[in-house]
Amino acid sequence: MCIRDSNIPFQLRLNTDPFIVMQRITKGDMDFGLTLAQQRMIGLVLLSIGCIMVACVGVISFILYKIIQGFRESSAKKEGGSMEAMLPFNNNNSGGNQYNNLAPPQHQQQYPPQQYHNPPPQQGYVQGPPPPPP
């Protein structure tokens with residue numbers, strides 16, 4: 001048998017070599033994931049989608065509010081009254097609404113004015129300056 005002289009390249013590496021450490025960390029894939037620019041782009045896209053979704057909810061809420069408000073106003077016009085006439089405990093008797101009879105009764109009791117304007121005299125003392133000392 002004849003053995004020829006051949007050049008076989010080989011390298012010796014330590015266990016702490018960065019290439020070996022990278023293979024161990026990435027489990028042989030040699031891929032560390034997304035770059036910083038890719039992560040920022042994904043973040044901006046997701047943030048934009050979130051803002052659009054919040055805006056859609058706001059617009060839908062506003063449209064529903066306007067529809068309900070228009071329905072209430074048209075109901076009030078059909079009954080011949082205003083929005084205030086539809087509210088319970090309304091002192092306005094115009095409009096012929098059924099809720100006008102629910103107003104709370106007015107208190108008719110009158111109190112004498114002197115009861116609140118003049119304080120009662122103190123007990124045991126005569127009004128006026130104190131007597132002179134003896």
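**Group meeting: a four-helix chain**

The secondary structure of this chain comes to four helices and zero strands, and I should say at once that what we have on the screen is a predicted model. Read along the sequence, the elements follow the pattern α-α-α-α.

Let me begin with the chain as a whole. It has 134 residues, of which 6% count as buried, and the area it exposes is about 13200 Å², with carbon and sulfur atoms supplying 63% of that area. If we take the contacts in the chain with a separation of 6 or more, then residues 24 or more positions apart account for 0% of them.

Where on this surface do nonpolar side chains form a patch? One such patch, of about 680 Å², is made by Leu-34, Met-41, Ile-42, Val-45, Leu-46, Ile-49 and Met-53. Of these residues I will pick out Met-41, which is found in helix α2, the helix that covers residues 36–78. Met-41 has a relative accessible area of 52%, and because the cut-off for exposed is over 50%, Met-41 is classed as exposed.

I turn next to the loop between α1, residues 18–25, and α2, where we find Lys-27; Met-30 also has its place in the loop between α1 and α2. Most residues other than glycine have a negative phi, and it is against that background that I would like you to look at the backbone here. Phi of Lys-27 is near 55°, a positive value in a residue other than glycine, and Met-30, which is not a glycine either, has a positive phi of about 60°. As for their surroundings, Lys-27 counts as exposed, at 75% relative accessibility, whereas Met-30 is partly exposed, with a relative accessible area of 33%.

Finally, the charged side chains. Side chains of opposite charge can pair when their charged atoms come close. How many salt bridges does the structure hold? The structure holds one, and the partners are Arg-13 and Asp-17, whose closest N and O atoms are 2.7 Å apart. Are these two partners buried or exposed, or something in between? Arg-13 is partly exposed, with a relative accessible area of 43%, while Asp-17, with a relative accessible area of 18%, is buried, because buried means under 20%.

To return to where I started, this is a predicted model with four helices and zero strands, in which 6% of the residues count as buried, and in which the one salt bridge joins Arg-13 to Asp-17.

Methods
Residues are numbered from 1 along each chain as its sequence is written. This is a predicted model: local features need pLDDT of at least 70, side-chain atom pairs count only at pLDDT 80 or more; totals for chains, interfaces and linings use all residues. Side-chain values use heavy atoms; hydrogens and water are left out. Helices (H or I, at least four residues) and strands (E, at least two) are DSSP runs, numbered from the N terminus. Buried means under 20% relative accessible area, exposed over 50%, partly exposed in between (1.4 Å probe, protein chains only). Contact means heavy atoms within 4.5 Å. Accessible areas come from the Shrake-Rupley method with a 1.4 Å probe; for residues, only the protein chains shown count as cover. Patches are made of residues with over 30% relative accessible area and no salt bridge: like charges are joined within 9 Å, nonpolar side chains (Val, Leu, Ile, Met, Phe, Trp, Tyr) within 5 Å. A salt bridge is a side-chain nitrogen of Lys or Arg within 4 Å of a carboxyl oxygen of Asp or Glu.
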